[in-house]
Amino acid sequence: MKTEHLHPNADEVVRLDDVKRYYQVGDETVHALDGVSFSIRKGSYWAIMGPSGSGKSTMLNILGCLDRPSEGAYWLNGVNVAEMEDNQLSDHRLRNLGFIFQSFHLIPELTVRENIEVPMLYLGLSHGERARKARDLADRVGMSHRLRHLPSELSGGQRQRVAVARALANDPAVLLADEPTGNLDSATSVQIMALFQELYEQGKTVIVVTHESDIAQYAKVNLILKDGRIASMRGEGLG
């Protein structure tokens, strides 16, 4: 997958350069992404939207290094991950991305503290350092009083706060959230989005993939996909 694309600017944490992703379904070639290009500056807050079949899920998988482009380049924090070997890609994903999912994906048998510590285990941090950092992160998301509780003992909003803390455990370059309020009621959704706003104001790069316009309005840039292409892109700081 040789590419001849320009290196991103220093302030770009994400850059897609003519990214295409297609699948073979029988005799038909499905173009899930069809030549998508954009860049995200460090410290930005983006929402990626689109109807079913727009390429939104494929975009999420590409951005999250869970899938690779068929063509084009994807630069994450200065590295073209489209050309990395699998083990390099896993390590780069671990060090640069924090994931927040609709269904929380907490480990049921682990306490709040232990769930937050999971990425730190893979990074090789000591037990003491993991415990200290987990306490700090739990406090940051308002969950320091629940460190010894299991996920089953928490509300949906509390579980999502723990998931946010876990996503921050590797101090990622990008927080990538997939429908983060999809399993929450309206009042709790507002609280979680206020937390995202706070993280953005603290300098984090936040990308939310959502189909909900009221969630997307929190972001500073809205990118809308349709039929695998960018239908519109509007917001602050765009050239």
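## Surface patch, aromatic pairs and positive phi

Y23, V25 and V30 make up a nonpolar patch on the surface. Together they offer about 220 Å² of accessible area. Y23 sits in strand β1, which covers residues 12-25. Its relative accessibility is 31%, so Y23 counts as partly exposed.

The model is predicted. Mean pLDDT for the protein is 92. A pLDDT of 70 or more is reached by 96% of its residues. Residues 1-5 are another matter: pLDDT stays under 50 there. For this stretch the model has 14 contacts beyond four places in sequence.

**Aromatic pairs**

How many aromatic pairs does a search of the whole structure find? The search gives 3. Two geometries are described here.

F38 pairs with W46. The ring centres lie 5.5 Å apart and the planes meet at 25°, so this pair is stacked; stacking requires planes under 30 degrees apart. F38 is buried, and W46 is buried as well.

Y45 pairs with Y200. Here the centres are 5.5 Å apart and the planes stand at 50°, so the pair is tilted. Which parts of the chain does the pair of Y45 and Y200 link? The pair joins distant parts: Y45 belongs to strand β3 (residues 45-49), and Y200 belongs to helix α6 (residues 186-201). In sequence, Y45 and Y200 are 155 residues apart. Y45 and Y200 are both buried.

**Positive phi**

Most residues other than glycine have a negative phi. E179 has a positive value, and D227 has one too. Neither E179 nor D227 is a glycine. The table sets out phi and relative accessibility for E179 and D227.

| Residue | Phi | Relative accessible area |
|---|---|---|
| E179 | near 45° | 10% |
| D227 | about 55° | 56% |

Where do these residues lie? E179 is in the loop between β7 (174-178) and α6. D227 is in the loop between β9 (221-226) and β10 (229-235).

Is E179 buried or exposed? E179 is buried, because its relative accessible area is 10% and the cut-off for buried is under 20%. D227, at 56% relative accessibility, counts as exposed, because the cut-off for exposed is over 50%.

Helix α6 thus comes up twice: the loop holding E179 runs between β7 and α6, and Y200 of the tilted pair lies in α6.

How values were computed
Residues numbered from 1 in each chain as written. Predicted model: local features only at pLDDT ≥ 70, side-chain atom pairs only at ≥ 80, totals over all residues. Heavy atoms only, no water. Phe/Tyr/Trp six-rings, centres within 6.5 Å; stacked < 30°, edge-to-face > 60°. Buried < 20%, exposed > 50% of the residue type's maximum accessible area, 1.4 Å probe, protein only. Helix = DSSP H or I, 4+ residues; strand = E, 2+ residues; numbered from the N terminus. pLDDT = per-residue confidence, 0-100. Contact = heavy atoms within 4.5 Å. Patch = residues over 30% accessible without salt bridge, like charges linked within 9 Å, V, L, I, M, F, W, Y side chains within 5 Å. Areas by Shrake-Rupley, 256 points an atom, 1.4 Å probe, with all protein chains shown as cover. Salt bridge = Lys/Arg side-chain N within 4 Å of Asp/Glu carboxyl O.
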